[in-house]
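Please open the model in a viewer and keep the selection panel at hand. The tour below proceeds one selection at a time.

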Amino acid sequence: MHLRLVREPGFLIFISQRDRIPRGSKERHTMSRRRQIYEGKAKILYEGPEPGTIIQYFKDDATAFNAQKRGTISGKGVINNRISEYVFTRLSHIGIPTHFIRRLNMREQLVRQVEIIPIEVVVRNIAAGSLSKRLGIEEGEPLPHTLIEYYYKDDALGDPLVAEEHIACFGWCSNDEMQDISSMAIRVNDFLSGMFATIHIRLVDFKLEFGRIWEGDYARVILADEISPDCCRLWDMTTGEKLDKDRFRQDLGGEEEAYQEVARRLGLLQDDAGPSEVLDLSHHRKLRTKK
Ligand code: ADP
Ligand code: AIR
Ligand code: ASP
């Protein structure tokens, strides 16, 4: 594997030959002509190379409180692309169907295009954020049991909290789909809580998005979007230090370092290299299998 160094804003990144797009190559040509489908707050979606696929481009842009607060977290897109690749790959190994196909380069991944179910599924283990605010529960209070909440995905309405009854009443998804979504959300929580615990991180809460893929007349629900420090609360188990987007939301500073720390603990950053070097995942896997 030939690695070369590429400079991203504030980051020295190893990329593999696989990530390089030679000048004049078919891939570069295709990519320059590809159609943008959508630009969101944190990602851009492009038409994929085959029907039924799209490319997710991860930006450094960060927003909070329904985009009332805007900023940039330098290198976030690169790290979230890697972390989300890693997490979705691990989840697929335990049988969770996901949209992830493969990472294309530092900021892009190829995924299956889905019909997004307009529900943000939030899983909570510990009180924080809007739950603490809404119900006056002190942040950090462990919940008696895991809580799943649903928010209607609508920026204009500020993503309001909704009940399962609203979802059924307005037909946002069927009862069978709700069953699949809630059971997948619990499995994801169990797996990720364990995965983060091994790197001394408490998974406080997180948000998932699901989508439908059609197979003839039959629709199947799969996990979509991303899983990264943008959509999880991750606290160091000893110090309680926040290693996620709350650093940006609450003006705590050190958001770049926090995202890097999560990547480093997941083994996606080289230990002996500077803190800002992101290791190519396929290279990392090879090194680990050699040990
Ligand atoms: P937002 O739309 O909330 O600003 P992003 O900037 O992250 O969020 O944009 C990504 C968009 O892509 C989201 O609206 C998400 O629902 C959608 N999305 C995620 N995965 C897929 C997929 N596989 N197919 C189609 N849309 C997707
Ligand atoms: N989340 C919700 N909407 C967007 C995101 N990213 C995530 C937060 C947090 C969890 O969902 O990052 O991990 C709960 O958020 P809140 O604000 O409802 O407490
Ligand atoms: N809902 C997202 C968050 O708080 C982004 C936003 O509100 O702009 O993380």
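Begin with strand E9 and display its side chains, which alternate along the strand: Gln109 and Val111 point to one face and are buried, whereas Glu108, Leu110 and Arg112 point to the other and are not buried. In a regular strand, side chains alternate between the two faces of the sheet. Strands (E, at least two residues) and helices (H or I, at least four residues) are DSSP runs, numbered from the N terminus. A residue counts as buried if 20 or more other C-beta atoms lie within 10 Å of its own, as exposed if 12 or fewer do, and as partly exposed in between, with C-beta atoms placed from the backbone.

The model is predicted: local features need pLDDT of at least 70 and side-chain atom pairs count only at pLDDT 80 or more, while totals for chains, interfaces and linings use all residues. Residues are numbered from 1 along each chain as its sequence is written, and chains are lettered from A and ligands numbered from 1 in the order in which they are written.

**The sheet around E9**

Extend the selection to the open sheet of 5 strands, whose order is E3-E4-E5-E9-E8 with antiparallel pairing. Strands E3 (36-39) and E8 (100-103) stand at the edges with a single partner strand each, so one side of each has no neighbour in the sheet. From one strand to the next, the twist averages 25°; axes are lines fitted to C-alpha atoms, for helices over the stretch in contact, and angles run from 0 to 180 degrees between N-to-C directions.

Which residue of E9 is the bridge partner of Gln56? It is Gln109. Strand E5 (residues 53-58) runs antiparallel to E9 and is joined to it by 5 bridges; two strands pair if DSSP finds at least two bridges between them. Next select Arg103, which stands opposite Gln109 in E9. E8 and E9 pair in the antiparallel sense over 3 bridges and form a hairpin with 4 residues between them.

Move to E3 and E4, an antiparallel pair with 3 bridges. Here Glu39 stands opposite Ile44 in E4. Glu47 also lies in strand E4. Is Glu47 buried or partly exposed? With 16 other C-beta atoms within 10 Å, Glu47 is partly exposed. Measure from Glu47 to Gln36: they are 11 residues apart in sequence and 6.3 Å apart in space, C-alpha to C-alpha.

**Ligand 1**

Select ligand 1 and the 16 residues that surround it, the closest being Gly40, Lys41, Ala42, His99 and Ala224. A residue is near a molecule or strand if its C-beta atom, placed from the backbone, lies within 6 Å of it. Strands E4 (43-47), E9 (108-112) and E14 (201-215) are the elements that give two or more residues to this shell. By class, the shell has 7 nonpolar, 4 polar and 5 charged residues; Ala, Val, Leu, Ile, Met, Phe, Trp, Tyr, Cys and Pro count as nonpolar, Asp, Glu, Lys and Arg as charged, and the others, Gly among them, as polar.

Now colour domain 1 (3-111) and domain 2 (115-269): both give residues to the shell around ligand 1, so the ligand lies between them. The domain bounds come from an automatic or database domain assignment.

**Ligands 2 and 3**

Select ligand 2, which has 14 residues around it; Gly129, Ser130, Lys207, Cys231 and Arg233 come nearest. Strand E11 (119-126), helix H3 (129-135), E14 and strand E16 (232-236) each supply at least two residues of this shell. Its classes are 6 nonpolar, 2 polar and 6 charged.

At ligand 3, select Lys41, Thr63, Ala64, Phe65, Asn66, Ala67 and Lys245, which surround it. These divide into 3 nonpolar, 2 polar and 2 charged residues. Phe65 takes a positive phi near 50° in the hairpin of E6 and E7, which has 4 residues between the strands. Strand E6 (residues 61-64) runs antiparallel to strand E7 (residues 69-72), joined by 4 bridges; Asp61 has Thr72 as its bridge partner in E7.

**Two covered helices**

Select helix H2 (residues 76-93): at 1.5 Å a residue its 18 residues should span 26 Å, and its end C-alpha atoms are 25 Å apart, which agrees. The expected span is 1.5 Å times one less than the number of residues. H2 is mostly covered, with 13 of its 18 residues buried. Gly95 follows H2 and has a positive phi, near 90°.

Finish at helix H7 (residues 255-265), also mostly covered, with 9 of its 11 residues buried. Among them are Tyr259, Val262 and Arg264. Gly267 follows H7, with a positive phi near 85°.
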